[in-house]
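The following exercises concern salt bridges and the burial of the residues that form them. Please work through each task before reading its solution.

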Amino acid sequence: MCFPPLAAQGLNLSLRDVAALVQTVEDARSRGEDFGTVEALEPYAAARRGDISLRTNGVDLLNRSLLSEFAPVDLMRSAGFFAFAAIGPLRRALMREGVLTHGDLPRLMQPPPRRKTPSRAHA
């Protein structure tokens, strides 16, 4: 699959793909499984299916709207771009969704757990 350079979606998808694959291989190895089998790789396919489908369909819809000469589609696209530019919370939410994902991130991409600092006893 090839994505046009639209908000770095290809790069972002690739980073999540690699992190999910590393997680799947690590999990299979920790269970003593051959990580090259279809069964061992199924969790990877299942984990990535939703994110890839959402991005693929979103980019395809945007591309089709850009190529359409149908006035209502052009009007809806223009209204969407205007809303994106004018409404800060909407813009930030869409940008955040473009960089990360609405689903679970692979462990490799999650922030490390916060360490508890030892409390000092007062004398």
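The exercises below treat the salt bridges of this predicted model.

**Exercise 1.** Determine how many salt bridges the whole structure holds, and describe the pair D51 and R16.

*Solution.* A search of the whole structure yields ten salt bridges. In one of these, the side chains of D51 and R16 meet with an N to O distance of 2.6 Å. D51 belongs to helix α2 (residues 38–67) and R16 to helix α1 (residues 9–30), so the contact ties together parts that are 35 residues apart in sequence. Both D51 and R16 are buried.

**Exercise 2.** Locate the partners R107 and D27 and classify the accessibility of each.

*Solution.* The side chains of R107 and D27 form a salt bridge at 2.7 Å, N to O. This pair links distant parts of the chain: R107 lies in the segment after α4 (88–99) and D27 in helix α1, 80 residues apart. Partly exposed residues fall between the 20% and 50% limits. R107, at 43% relative accessibility, therefore counts as partly exposed, and D27, at 24%, likewise counts as partly exposed.

**Exercise 3.** Analyse the salt bridge between D74 and R77, then name the residues of the network formed by shared partners.

*Solution.* The closest N and O atoms of D74 and R77 are 2.2 Å apart. Because the two residues are three positions apart in helix α3 (residues 71–86), about one helical turn separates them. D74 is partly exposed at 31% relative accessibility, whereas R77 is buried with a relative accessible area of 18%. Finally, salt bridges with shared partners join R16, D17, R48, D51 and R55 into one network.

Terms used. Residues numbered from 1 in each chain as written. Predicted model: local features only at pLDDT ≥ 70, side-chain atom pairs only at ≥ 80, totals over all residues. Heavy atoms only, no water. Salt bridge = Lys/Arg side-chain N within 4 Å of Asp/Glu carboxyl O. Helix = DSSP H or I, 4+ residues; strand = E, 2+ residues; numbered from the N terminus. Buried < 20%, exposed > 50% of the residue type's maximum accessible area, 1.4 Å probe, protein only.
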